[in-house]
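Thanks for coming. I will go through one structure, from the whole chain down to a few single residues. Please have a look at it first.

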Amino acid sequence: MASIGIFFASETGNTAEIARLIQQQYLPAGAADLYDLEIADAADVDAYDSLIFGTSTMGCGDYPTSLEAFLPEFDEIDLSGKTVALFGLGDQYGYPGELADALGMLYEELRARGAELVGFWPTVGYDFEASRADLGDGYFCGLVLDQDNQPQLTPHRLSAWVEAIRGDLQADRAPIEPLAQPLVEPLRPAPSRSVAAASSRRAA
Ligand SMILES: Cc1cc2nc3c(=O)[nH]c(=O)nc-3n(C[C@H](O)[C@H](O)[C@H](O)COP(=O)(O)O)c2cc1C
């Protein structure tokens with residue numbers, strides 16, 4: 001199992017493609033496993049302490065169907081102690097008043113459940129009127145990508161964002177390999193120095 005779980009919700013394949021790129025081209029080999037929220041469940045998410053969630057926005061500022069359906073699963077997951085980075089796809093010219101709203105709604109959902117959110121992204125370079133992903137301090141709550149209007153900016157945005165979150169997500173940690181042979185005896189911790197020093201003082 002890798003140390004990072006990437007989960008995505010996608011209607012027409014754009015978010016799925018970006019999630020695959022993050023896993024295969026931007027993170028070290030073996031660092032992340034990839035899941036479609038359409039078929040993932042709470043146990044899949046709970047298995048990781050470092051998570052990336054990606055979602056598009058559909059309807060008029062709505063979640064995509066698979067993420068909407070997944071929301072009750074969060075009741076089964078203890079998100080406190082988990083570090084989560086978010087990315088969201090939207091269309092700033094088609095939906096200037098609801099840019100990447102689903103990203104903002106997901107952020108609120110996970111924050112309220114105790115997750116530590118990382119990977120905020122500057123709002124400069126986007127042309128929009130309102131967005132629930134806009135934190136109001138010059139940052140979105142995650143990386144916003146616009147494959148409809150700015151696909152040429154995506155590679156640079158992705159590499160800068162992944163570089164920024166690598167440390168938070170411990171992306172350089174080696175994948176967790178199962179033990180070749182199970183330990184037959186539990187290891188005993190060595191006595192601490194202070195205990196040893198105290199007993200030698202008592203003996204003197
Ligand atoms: C029916 C429909 C509704 C959309 N609604 C929004 C919206 O409210 N806000 C937004 O930023 N983008 C909206 N978009 C744009 C998509 O989020 C964008 O095209 C995205 O890349 C789709 O990603 P996906 O293929 O992973 O679903 C909408 C697109 C469609 C087709």
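**From the whole chain to single residues**

Of the 204 residues in the protein chain, 38% count as buried. Keep in mind that this is a predicted model. The secondary structure amounts to 6 helices and 8 strands. If you read along the sequence, the pattern is β-α-β-α-β-α-β-α-β-β-β-β-α-α. Now take the contacts in the chain with a separation of 6 or more: 76% of them are between residues 24 or more positions apart.

Let us begin with the strands. How many of the residues of β1 are buried? The count is 6 of 6, so β1 is largely enclosed by the rest of the structure. Both of its faces are covered. On one side you have I4, I6 and F8, and on the other G5, F7 and A9. β1 runs parallel to β2, and 5 bridges join the two. To see one of those pairs, find F8, whose bridge partner in β2 is D36.

β4 is mostly covered as well, with 7 of its 7 residues buried. Here, too, both faces are covered: T83, A85, F87 and L89 are on one side, while V84, L86 and G88 are on the other. β4 pairs with β3 in the parallel sense, over 7 bridges. One example to look for is G54, whose bridge partner in β4 is F87.

Next, a helix that packs against these strands. In α1, the buried residues are N14, T15, I18, A19, I22 and Q23. They pack against β1, β2, β3, β4 and β8, and also against α5.

The helix I want to spend more time on is α4, residues 101–112. We can check its length with simple arithmetic. At 1.5 Å a residue, its 12 residues should span 16 Å, because the expected span is 1.5 Å times one less than the number of residues. The C-alpha atoms at the two ends are 17 Å apart, which agrees.

Which residues of α4 are buried? They are D101, A102, L103, G104, M105, L106, Y107 and L110. What covers them includes the strands β3, β4, β5 and β8, together with the helix α3.

Take L103 as a single case. Leaving aside its neighbours within four places in sequence, L103 is in contact with T55, L86, G88, A133, C141, G142 and V144.

E108 also lies in α4. E108 has 13 other C-beta atoms within 10 Å, and it is partly exposed because a buried residue needs 20 or more and an exposed one has 12 or fewer. E108 and A133 are 25 residues apart along the chain, and their C-alpha atoms are separated by 9.2 Å.

That brings us to the core. The largest nonpolar core has 52 residues, and those that touch the most other members are I4, I6, L86, L103, L106 and V144. The elements that give two or more residues to this core are the strands β1, β3, β4 and β8 and the helices α1, α3, α4 and α5. Which element gives the largest share? That is α4, with 6 residues.

Now for some backbone angles around α4 and beyond. In the loop between β4 and α4 you will find A100. A100 has a positive phi of about 50 degrees although it is not a glycine. Is A100 buried or exposed? It has 33 C-beta neighbours inside 10 Å, so A100 counts as buried. Just after α4 comes G114, which takes a positive phi of about 95 degrees.

Q170 is another residue other than glycine with a positive phi, near 50 degrees. You will find Q170 in the loop between α5 and α6. Q170 is partly exposed, with 13 other C-beta atoms within 10 Å.

Last, the ligand. Around it there are 24 residues, and the closest are S10, T12, T15, S56 and G90. One of these, T15, you have already met among the buried residues of α1. By type, the shell around the ligand divides into 7 nonpolar, 12 polar and 5 charged residues.

That is the tour. I will take questions now.

Methods: Residues are numbered from 1 along each chain as its sequence is written. This is a predicted model: local features need pLDDT of at least 70, side-chain atom pairs count only at pLDDT 80 or more; totals for chains, interfaces and linings use all residues. A residue is near a molecule or strand if its C-beta atom, placed from the backbone, lies within 6 Å of it. Ala, Val, Leu, Ile, Met, Phe, Trp, Tyr, Cys and Pro count as nonpolar, Asp, Glu, Lys and Arg as charged, and the others, Gly among them, as polar. Helices (H or I, at least four residues) and strands (E, at least two) are DSSP runs, numbered from the N terminus. Two residues are in contact if their C-beta atoms, placed from the backbone, lie within 7 Å. A nonpolar core is a set of buried Ala, Val, Leu, Ile, Met, Phe, Trp, Tyr and Cys residues joined through C-beta atoms within 7 Å. Two strands pair if DSSP finds at least two bridges between them.
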